[in-house]
Amino acid sequence: MKRASILLLSHLTRQNPKTLTPLLSRNYLSSNITTNNLKSCTKTNGLINKPHQFQANPSRNCGTLVGTTPQISSRQKKIKEKSQLEEAFESAATVEGMLEAFKDMEACFDERELGLALLKVGLKLDQQGEDPEKALTFATRALRVLDIGDEKPSFLVAMTLQLMGSVSYSLKRFNDSLGYLNRAKRMLGRLEEEGATAVEDIRPVLHAVLLELSNVKTAMGRREEAIHNLKKCLEIKEMTMDKGSKELGVANRELAEAYVAVLNFNEALPFGLKALDIHKSGLGDYSVEVAYDRKLLGVIYSGLEEHDKALEQNVLSQKVLKSWGLKSELLHAEIDAANMQIALGKYDEAINTLKGVVQQTEKDGGTRALVFISMAKALCNLEKIVDAKRCLEIALGILDKKETAAPVEVAEAYSEIAMLYENMNEFETAISLLKRTQSMLEKLPQEQHSEGSVSARIGWLLLLTGKVTQAIPYLESAAEMLKESYGPKHFGIGYVYNNLGAAYLELDRPQSAAQMFAVAKDIMDAALGPHHTDSIEAYQNLSKAYGAMGSYTLAIEFQQRAIDAWESHGPSAHDVLMEARRIREQLKTKARDASTNQLPTKALPLPQSCPIWKKRRNLYHDIPLSQSQTSMM
């Protein structure tokens with residue numbers, strides 16, 4: 001990763017040569033080195049930062065150094081020339097200059113003497129980012145030199161492993177990258193425990209390793225694990241940076257963004273607020289960083305369904321963006337504001353906002369497509385279906401041309417359009433568009449969480465339209481992908497298992513249904529609490545499954561749990577409470593006389609207001625500004 005390589009290369013350059021493994025790695029590798037030998041190599045004990053005293057193109061013939069005097073011995077000549085070669089290498093300002101100087105060094109140095117130089121070239125190439133294969137070649141050579149198989153941990157080996165992890169990530173070799181980075185992490189942990197290296201040297205490298213681990217796990221769809229690594233990165237920055245530094249504010253915002261990506265808005269909020277506080281104190285209310293923080297807080301508050309607060313943050317963000325003349329970001333903020341107005345039921349206001357935005361967009365621009373999607377959403381809520389469909393057709397016409405250039409953004413837009421078709425009961429159109437979306441996402445491993453969500457929606461729609469057998473594979477696939485992305489106890493996975501249970505019950509497989517409902521119940525209880533309405537529904541579905549199996553004692557027990565939970569909701573739950581009690585009495589009757597004529601045994605599939613999908617429907621508009629802006633915009 002470029003940023004990590006820049007920091008590590010800078011860190012290497014700042015080090016006192018005596019604290020690092022020397023360039024002449026033969027000395028480092030030898031355990032029998034004497035004090036006199038070390039003294040004789042003082043000048044070459046590392047890459048020394050000195051004024052450049054060597055010719056621009058030093059000779060590669062180690063025995064023909066220009067300007068030497070007859071009194072200097074052959075050994076002294078070689079030491080001097082090697083020192084000058086080191087200085088030429090160290091003073092190289094560009095990657096081309098560094099590579100040229102390294103070639104000169106290869107002619108005079110043994111491979112085992114080039115460990116640190118190989119590492120520096122690798123870091124420089126990774127920083128440039130244009131040739132990861134070449135960077136990996138240098139990193140591999142460096143590791144062969146520096147990793148001598150000693151049981152003792154090595155700081156430079158850890159740095160080399162970090163580089164190999166970074167380059168492997170660039171090459172999309174994610175499993176290889178994980179292996180290198182995890183080994184580097186373990187080695188740095190041992191160094192810190194043993195006190196073999198100063199903590200102030202370890203921390204920047206450990207931060208780079210953890211940040212890269214977060215990137216790799218995100219790319220593999222393992223987002224919950226990625227967040228854990230990102231939290232550790234923030235902890236390191238909090239220990240090493242001033243409390244009011246801009247970079248610490250950005251780190252808090254990035255962690256908040258990671259939580260937003262897994263729809264954990266409650267966890268995201270404190271980090272978003274802290275980022276805002278740091279940037280306001282250090283940069284002032286009208287800094288761009290403050291605008292980005294407020295943009296993200298708008299997303300978080302929308303996710304928490306606190307739409308008034310979301311709109312307030314959005315308005316404040318727009319003021320700053322406008323003052324800085326950031327037109328593109330301002331247009332996106334205005335689209336976000338329209339979506340917040342829609343969430344508040346202010347449909348006419350939203351339409352007026354969008355009419356102002358559309359006049360500032362390019363005819364075939366991605367931003368224009370977003371405007372028409374939001375316009376369709378407002379019109380759909382006003383039951384102007386024909387107009388809404390026309391807006392969606394315009395948006396689809398624009399997006400169709402951008403699938404190759406911006407697959408992630410287009411896939412998210414398609415997903416939202418499909419949601420609108422669902423709202424208009426155009427289920428076949430929605431299913432077709434979601435399958436198109438899935439085919440795009442399955443080529444992008446970093447979007448596994450989105451692919452899982454889309455697969456779940458396809459399964460739900462197939463179930464809703466009576467295509468139960470077709471629905472099951474989509475739901476099963478969704479459950480596995482979402483577990484890998486969010487962990488086993490994420491509430492969204494509970495909804496998927498609930499729908500699987502409904503599908504099995506529909507197919508007269510009550511035992512399989514009961515298993516799925518039991519998993520759903522455990523997840524709902526853990527993620528939402530036993531008194532949440534969806535958790536209560538899981539209890540009732542379990543009751544239905546056991547009733548269909550003839551296990552009436554268990555059926556009555558779970559129905560009673562549902563009743564107890566509904567009672568805690570007070571007068572607002574009166575009707576559902578009465579229905580739950582009625583079903584309990586039917587179960588008791590069934591237990592007595594084995595009559596099933598009046599007992600409902602069908603579990604309804606999850607409604608389209610499922611949070612994991614509802615929260616994602618505006619995700620395309622909710623990408624925080626501090627992330628890369630969409631390439632198609």
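What span should the 16 residues of helix H24 have at 1.5 Å a residue? The expected value is 22 Å, and the end C-alpha atoms of H24 (residues 491-506) are 23 Å apart, which agrees. Expected span here means 1.5 Å times one less than the number of residues, and helices are DSSP runs of H or I with at least four residues, numbered from the N terminus.

The model is a predicted one, in which local features need pLDDT of at least 70 and side-chain atom pairs count only at pLDDT 80 or more, while totals for chains, interfaces and linings use all residues. Residues are numbered from 1 along each chain as its sequence is written, and side-chain values use heavy atoms, leaving out hydrogens and water.

Back to H24: 15 of its 16 residues are buried, so the rest of the structure largely encloses it. Buried stands for under 20% relative accessible area (1.4 Å probe, protein chains only). Just past H24, Asp 508 takes a positive phi of about 60°.

Helix H18 (residues 366-381) tells its own story. Its 16 residues reach 23 Å from first C-alpha to last, close to the expected 22 Å. In H18, 14 of the 16 residues are buried, so this helix too is largely enclosed. Just after H18, Glu 383 has a positive phi of about 60°.

As for annotation, the unreviewed UniProt entry marks residues 411-444 as "repeat: TPR"; such annotations may be inferred rather than shown by experiment. Over residues 411-444 the chain is 82% helix and 0% strand (strands being DSSP runs of E, at least two residues), with the end C-alpha atoms 11 Å apart.

Methods. Buried < 20%, exposed > 50% of the residue type's maximum accessible area, 1.4 Å probe, protein only.
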